[in-house]
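Visitor: I have a model open here and would like to go through it with you. Can we start with the charged side chains?
Guide: Fine, go ahead.

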Amino acid sequence: MSTLSLGGLRAPLVVLRLFGADFAHLPAPCVSVSTVYPDLLTLSFHDDLAGFEAWREALGMAPESVSYDEQSSGSTRVLRVESDYAGARVELVGFAKTSAAAPVCSRQGAAP
C-alpha cells in the first residue's frame, strides 16, 4: 500500500486541471498519474499521432526533442517527449501502427 496521500500527487493533478481549462479544444488523451512517479503526468495517444502532435505544439515542445522507437517486432511506432510544465513533468506518448511491410519482390526471369 502506498503511503503517499492524494496531496502528494498535487503537481500533475494541478497541471491536468490547467489543461482542462486551457486546452479543452485539443483531442482527449489517455491520462495517467501514478504514485510511482508522483510528479509525472502522462498523456498518451493510441492510433492518433495527429493528437500527439497537436498537444506537442500546444505545449511548445520542440520537434527535435521527440524520440522515436518501435515495439511489437516493429509493428508499432512510439513517439515520446517530456517537458516541465507548471511544476510537473509532462510526458506525451504516441502509439501508431507502422505501415504494412513492403512485399518481397522476386527476381524477374527466375524460374518458379
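Visitor: Which residues are linked in a network of salt bridges?
Guide: E53, R56 and E57 are linked that way. Bear in mind that this is a predicted model.

Visitor: What is the distance between the closest N and O atoms of E53 and R56?
Guide: The closest N and O atoms of E53 and R56 are 2.4 Å apart. The side chains of E57 and R56 also meet in a salt bridge, at 3.9 Å from N to O.

Visitor: Where do E53 and R56 lie?
Guide: Both are in helix α2, residues 49-58. They are three residues apart, about one turn of the helix.

Visitor: And R56, buried or exposed?
Guide: R56 counts as buried because its relative accessibility is 7%, and the cut-off for buried is under 20%. Its partners have other values: E53 is partly exposed at 30%, and E57 counts as exposed at 53%.

Visitor: Which residues of α2 are buried, then?
Guide: G51, F52, W55 and R56. Seen down the axis of α2, these buried residues fall within an arc of 135°, so they line one face of the helix.

Visitor: What is exposed on the other side of α2?
Guide: A50 and E57 are exposed there.

Visitor: Back to the charges. How many salt bridges does a search of the whole structure find?
Guide: Five. One of them not yet mentioned joins the side chains of E82 and R89, at 2.9 Å from N to O. E82 is partly exposed, with a relative accessible area of 37%. R89 is partly exposed as well, with 27%.

Visitor: What is R89 the bridge partner of?
Guide: L40; R89 is its bridge partner in β5.

Visitor: In which sense do β2 and β5 pair?
Guide: Strand β2, residues 40-46, pairs with β5 in the parallel sense. There are seven bridges between β2 and β5.

Visitor: What about β4 and β5, parallel or antiparallel?
Guide: Antiparallel: ten bridges join strand β4, residues 76-85, to β5. As an example from β4 and β5, R80 stands opposite V93 in β5.

Visitor: How many residues are between β4 and β5 in the hairpin?
Guide: Two residues are between them. A86, in the turn, has a positive phi of about 50°.

Visitor: How many residues of β5 are buried?
Guide: Eight of the ten residues of β5, which spans 88-97, are buried. The strand is mostly covered.

Visitor: Changing topic: aromatics. How many pairs does a search of the whole structure find?
Guide: It finds five aromatic pairs. In one of them, the rings of F19 and F23 have their centres 5.6 Å apart and their planes at 65°, so the pair is edge-to-face.

Visitor: Why edge-to-face?
Guide: Because the planes of F19 and F23 are at 65°, and an angle over 60 degrees counts as edge-to-face.

Visitor: Are those two rings' residues buried or exposed?
Guide: F19 is buried, with a relative accessible area of 3%. F23 is buried too, with 13%.

Visitor: Which residues form the aromatic cluster?
Guide: F19, F23, W55 and Y85 form one cluster. W55 is also one of the buried residues of α2.

Visitor: Now the outside. Which residues form a nonpolar patch on the surface?
Guide: L6, L13, L16 and V31 do. Together these four have about 320 Å² of accessible area.

Visitor: Where is L6 placed?
Guide: L6 is in the segment before α1, and α1 covers 10-22. L6 counts as exposed, at 62% relative accessibility.

Visitor: What about G7, buried or exposed?
Guide: G7 counts as exposed, at 53% relative accessibility. Its place is also in the segment before α1.

Visitor: How far apart are G7 and P38 in sequence and in space?
Guide: They are 31 residues apart in sequence. In space the distance is 9.8 Å, C-alpha to C-alpha.

Methods: Residues numbered from 1 in each chain as written. Predicted model: local features only at pLDDT ≥ 70, side-chain atom pairs only at ≥ 80, totals over all residues. Heavy atoms only, no water. Phe/Tyr/Trp six-rings, centres within 6.5 Å; stacked < 30°, edge-to-face > 60°. Buried < 20%, exposed > 50% of the residue type's maximum accessible area, 1.4 Å probe, protein only. Patch = residues over 30% accessible without salt bridge, like charges linked within 9 Å, V, L, I, M, F, W, Y side chains within 5 Å. Areas by Shrake-Rupley, 256 points an atom, 1.4 Å probe, with all protein chains shown as cover. Helix = DSSP H or I, 4+ residues; strand = E, 2+ residues; numbered from the N terminus. Pairing = 2+ DSSP bridges. Arc of directions from axis to C-beta.
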